[in-house]
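Here is a quick tour of a single chain, written for someone who likes to look at atoms. Keep the viewer open and follow along.

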Amino acid sequence: MATITATNTDLNFPAVSSTTITAGQVVYVKSDGELGLADADVASYAQAPALGFACTDAVDGDTISVATNGRVEGLSGLTVGKPVYLSTTAGAVTSTMPTGDAYDYQQAVGFALSASVMVIALQNPGTEATT
């Protein structure tokens with residue numbers, strides 16, 4: 001499980017979960033205003049824009065805080081100093097930019113501080129992050 005350390009909690013926002021979410025997973029806000037797991041490998045752009053990281057675990061109907069800034073710890077496989085992207089696995093991040101599939105959206109969600117720690121730096125979907 002990842003740990004979120006928000007540096008400015010004024011930038012966090014509360015939202016209701018529509019599914020089971022684990023702390024540290026990447027989330028988006030659905031059209032009904034509830035949270036879902038963001039996913040770069042979807043046919044609908046609506047599920048791709050990551051809006052933050054879940055601060056706590058949740059089940060359907062729970063209200064949780066979503067971090068839009070700070071650090072995410074407890075990850076693995078990151079490359080120091082390189083962008084971290086929304087993954088083609090729902091709710092996950094990757095150090096490899098998604099490519100090759102017509103439905104892969106490219107969204108940098110932060111930068112790796114170490115192999116297991118990233119700083120949140122959400123960028124617009126479809127744009128490539130540079131170091």
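## S95 and its surroundings

S95 is partly exposed, at a relative accessible area of 26%. That value, like the rest here, comes from a predicted model. On the chain, S95 sits in the loop that runs between β9 and β10.

What does S95 touch once residues up to four places away in sequence are set aside? The list is G77, L78, T79, P83 and Y85. With G77 there is also a polar link: the S95 side chain reaches the backbone oxygen of G77 at 3.3 Å. If you prefer C-alpha distances, S95 and K82 are 7.3 Å apart in space, with their positions 13 residues apart in sequence.

## Q107, in the loop between β9 and β10

Q107 also lies in the loop between β9 and β10. Is Q107 buried or exposed? Its relative accessibility is 2%, so it counts as buried, the cut-off being under 20%. The side chain of Q107 has a polar partner, reaching the backbone nitrogen of A50 at 2.7 Å.

## T89 and the β8-β9 hairpin

Strand β9 covers residues 93-94, and it pairs with β8 in the antiparallel sense over 2 bridges. One pairing to click on is L86, which stands opposite V93 in β9. The hairpin made by these strands has 6 residues between them, and within it G91 takes a positive phi near 85°.

T89 is found in the loop between β8 and β9. With 49% relative accessibility, T89 counts as partly exposed, as the exposed class starts over 50%. Leaving out neighbours within four places in sequence, T89 makes contact with A38 and D39. D41 is worth a look too: its C-alpha atom is 7.2 Å from that of T89, although the two residues are 48 apart along the chain.

## β10 between β8 and β11

Which way do β8 and β10 run relative to each other, parallel or antiparallel? They run antiparallel, joined by 3 bridges. On this side, Y85 stands opposite A108 in β10, while V84 has G110 of β10 as its bridge partner.

β10 also pairs with β11, again in the antiparallel sense and over 3 bridges. A112 has M118 in β11 as its bridge partner, and the hairpin from β10 to β11 goes through 4 residues. As for cover, β10 is mostly hidden, with 4 of its 5 residues buried.

## Two nonpolar cores

The largest nonpolar core holds 16 residues, and F53, V109 and M118 have the most contacts inside it. Four strands each give this core at least two residues: β3 (26-29), β8 (83-86), β10 (108-112) and β11 (117-120). A second core, separate from that one, has 9 residues, among them A15, L37, A54 and V66.

## Salt bridges

How many salt bridges does a search of the whole structure find? The count is 2. As background, side chains of opposite charge can pair when their charged atoms come close.

One of the bridges joins the side chains of R71 and E73, with an N to O distance of 3.2 Å. Here R71 is partly exposed at 33% relative accessibility, and E73 is partly exposed as well, at 27%. The other bridge brings together the side chains of K30 and D32 at 4.0 Å, N to O. That pair sits right by the cut-off, because a bridge is counted when the nitrogen is within 4 Å of the carboxyl oxygen. K30 is partly exposed, with a relative accessible area of 27%.

## The chain as a whole

Zooming out, the chain has 0 helices and 11 strands, so written in sequence order the pattern is simply β-β-β-β-β-β-β-β-β-β-β. Of its 131 residues, 41% are buried.

For contacts with a separation of 6 or more, 59% are between residues 24 or more positions apart. The accessible surface is about 6100 Å², and carbon and sulfur atoms account for 50% of that area.

Terms used:
Residues are numbered from 1 along each chain as its sequence is written. This is a predicted model: local features need pLDDT of at least 70, side-chain atom pairs count only at pLDDT 80 or more; totals for chains, interfaces and linings use all residues. Side-chain values use heavy atoms; hydrogens and water are left out. A nonpolar core is a set of buried Ala, Val, Leu, Ile, Met, Phe, Trp, Tyr and Cys residues joined through side-chain atoms within 4.5 Å. Buried means under 20% relative accessible area, exposed over 50%, partly exposed in between (1.4 Å probe, protein chains only). Two strands pair if DSSP finds at least two bridges between them. A polar contact is a pair of N or O atoms within 3.5 Å; within protein, one must be able to donate a hydrogen and the other to accept it, and residues adjacent in sequence count only if both atoms are side-chain atoms. Contact means heavy atoms within 4.5 Å. Accessible areas come from the Shrake-Rupley method with a 1.4 Å probe; for residues, only the protein chains shown count as cover.
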